[in-house]
Amino acid sequence: MQETLNYINENKQRFVDELFELLRIPSISADPAYKDDVLKCADVCAEHLKNAGADNVEVCKTKGYPIVFGEKMIDTSLPTVLVYGHYDVQPADPLDLWKKPPFEPYIEKTELHPEGAIFARGSADDKGQFFMHLKAFEAMMKTNTLPCNVKFILEGEEEVGSVSLGDFVNENKEKLSCDCILISDTHIYSNEQPTVTTGLRGLSYVEVEVEGPNRDLHSGLYGGAVPNPIHVLSRMIAKLINEDGYITIDGFYDNVDIVSEADRAEMNKLKDNPEEFKKSIGLNGVEGEKGYTTLERTSIRPTLDCNGIWGGYTGEGAKTVIPSKAFAKISMRLVPYQTPEEITEKFTKYFEKIAPENVKIKITPHHGGMPYVLPTETKEFLAAKQAMETAFGKEVLPYRGGGSIPITSMFEKVLGAKSVLMGFGLDSDAIHSPNEHYGLFNFYKGIESIPLFFENYTK
């Protein structure tokens with residue numbers, strides 16, 4: 001691998017320069033005003049794949065934004081790794097909170113990134129991370145060290161729910177056939193303690209509506225005599241979690257995977273630091289389900305959160321009304337073996353059960369996703385662990401993530417392959433927020449680690 005590493009070291013600055021060109025494209029999939037930019041970004045990604053040495057590069061049409069495909073099949077008797085990434089990005093709002101324009105990338109040193117970090121929308125999520133794979137592939141091609149077959153799919157709708165990806169994968173099973181899937185859209189625990197993500201939580205997301213009177217009422221004429229939907233909704237939400245952090249929905253924990261004491265001990269080797277955790281988010285204290293550490297609460301346990309609540313008058317000045325309706329959005333993070341369908345149904349029944357008779361309730365399910373786990377004894381995990389240990393020169397631990405990537409369970413169901421979540425960002429990279437950034441150290445470590453993964457996995 002030394003020849004490959006030499007090539008990477010000799011071309012580091014060019015790799016960053018090329019990434020900057022990609023980051024300058026505002027490929028915001030959620031906003032139709034940026035449609036041309038998203039399409040342009042797909043074409044640029046295809047050019048990078050071709051220049052790196054991929055064959056059969058296509059910009060494949062879908063009902064939404066295109067999926068970029070490319071491959072290098074060197075020997076059908078060798079394993080095939082499918083690399084996934086996404087070239088679309090989140091909207092950059094609020095713009096006034098960015099130090100510099102979000103699509104004008106620059107490098108700045110920070111406390112966590114003394115070597116410098118790339119500041120731009122999409123730097124960590126996910127352009128900087130999937131670009132590592134393109135450059136690692138280029139390095140292996142230029143040094144004739146690619147040890148197995150590789151395929152790439154880069155989508156442009158991840159930030160809006162991957163609405164076209166499922167159909168594309170189902171319609172192209174043979175084209176996408178592989179032995180494992182390699183994804184860099186997650187983070188490590190820290191640069192001092194690298195990790196491989198071995199699990200992600202699923203998701204059930206609902207919107208609730210409480211309707212009281214048939215119109216907004218004058219609070220002087222009617223106050224004290226009629227149900228106020230905001231009050232009712234607030235009381236109902238408060239009943240969903242008790243003082244011990246336990247979710248009270250009937251049957252909510254029926255299918256929750258019980259993680260062994262040995263696995264919990266391994267997880268807690270990450271040395272959770274409560275003081276650092278509180279400091280990082282400006283809190284004086286934490287809370288959560290009794291009997292679990294912060295690391296466990298944010299990874300192996302299911303949760304329920306109210307993401308937004310509104311109703312009545314919220315404009316300037318005063319308007320004394322009792323609103324006709326109140327609304328809230330609620331998300332539930334799921335663990336194996338919960339399903340979004342099961343939890344949405346249980347939430348609906350329970351929410352209707354605790355509603356007073358003098359109001360009407362409406363529950364609208366939104367998107368959901370299945371949880372995912374990569375067992376630590378699999379060859380996929382071990383190949384990633386060993387690759388990162390070589391690159392970082394440190395022990396690499398398994399890490400359960402708290403977020404959701406629903407495509408992982410879809411890939412496994414349709415393609416029959418496990419996903420390796422070998423991300424290199426940090427949870428402090430401000431993805432989806434102003435001043436998103438990605439450390440140069442992390443970017444380069446990713447490019448170094450990926451060829452090692454290919455070598456280990458092939459062996």
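The expected span of a helix is taken as 1.5 Å times one less than its number of residues, and this yardstick can be applied to helix H11 in the predicted model shown above. Helix H11, which runs through residues 340-353 and so counts 14 residues, reaches 20 Å from its first C-alpha to its last, close to the 20 Å expected.

Much can also be said about the surroundings of this helix. Within H11, the buried residues are Pro340, Glu342, Ile343, Thr344, Lys346, Phe347, Thr348, Tyr350 and Phe351. The elements that cover these buried residues include helix H7 (229-238) together with the strands E9 (202-211), E11 (303-311), E13 (325-334) and E14 (360-369).

At the start of the numbering, helix H1 (residues 2-10) packs against helix H2 (residues 12-23) at an angle of about 60°, the two axes lying 4 Å apart, which means that H1 is oblique to H2. On the side of H1 the contact is formed by Tyr7, Ile8, Asn9 and Glu10, and on the side of H2 by Lys12, Arg14 and Phe15. By character, the residues of this contact divide into three nonpolar, three charged and one polar.

The cysteines remain to be considered, and the structure holds zero disulfides. For Cys178, the closest cysteine sulfur is that of Cys180, at 6.9 Å, and this is too far for a bond because a disulfide requires sulfur atoms within 2.5 Å. Cys178 is buried, its relative accessible area being 14%, whereas Cys306, with a relative accessible area of 35%, is partly exposed.

Conventions
Residues numbered from 1 in each chain as written. Predicted model: local features only at pLDDT ≥ 70, side-chain atom pairs only at ≥ 80, totals over all residues. Heavy atoms only, no water. Axes fitted to C-alpha atoms, helices over the stretch in contact; angles between N-to-C directions. Helix = DSSP H or I, 4+ residues; strand = E, 2+ residues; numbered from the N terminus. Parallel < 35°, antiparallel > 145°, perpendicular 65-115°, else oblique. Contact = heavy atoms within 4.5 Å. Nonpolar A, V, L, I, M, F, W, Y, C, P; charged D, E, K, R; others polar. Buried < 20%, exposed > 50% of the residue type's maximum accessible area, 1.4 Å probe, protein only.
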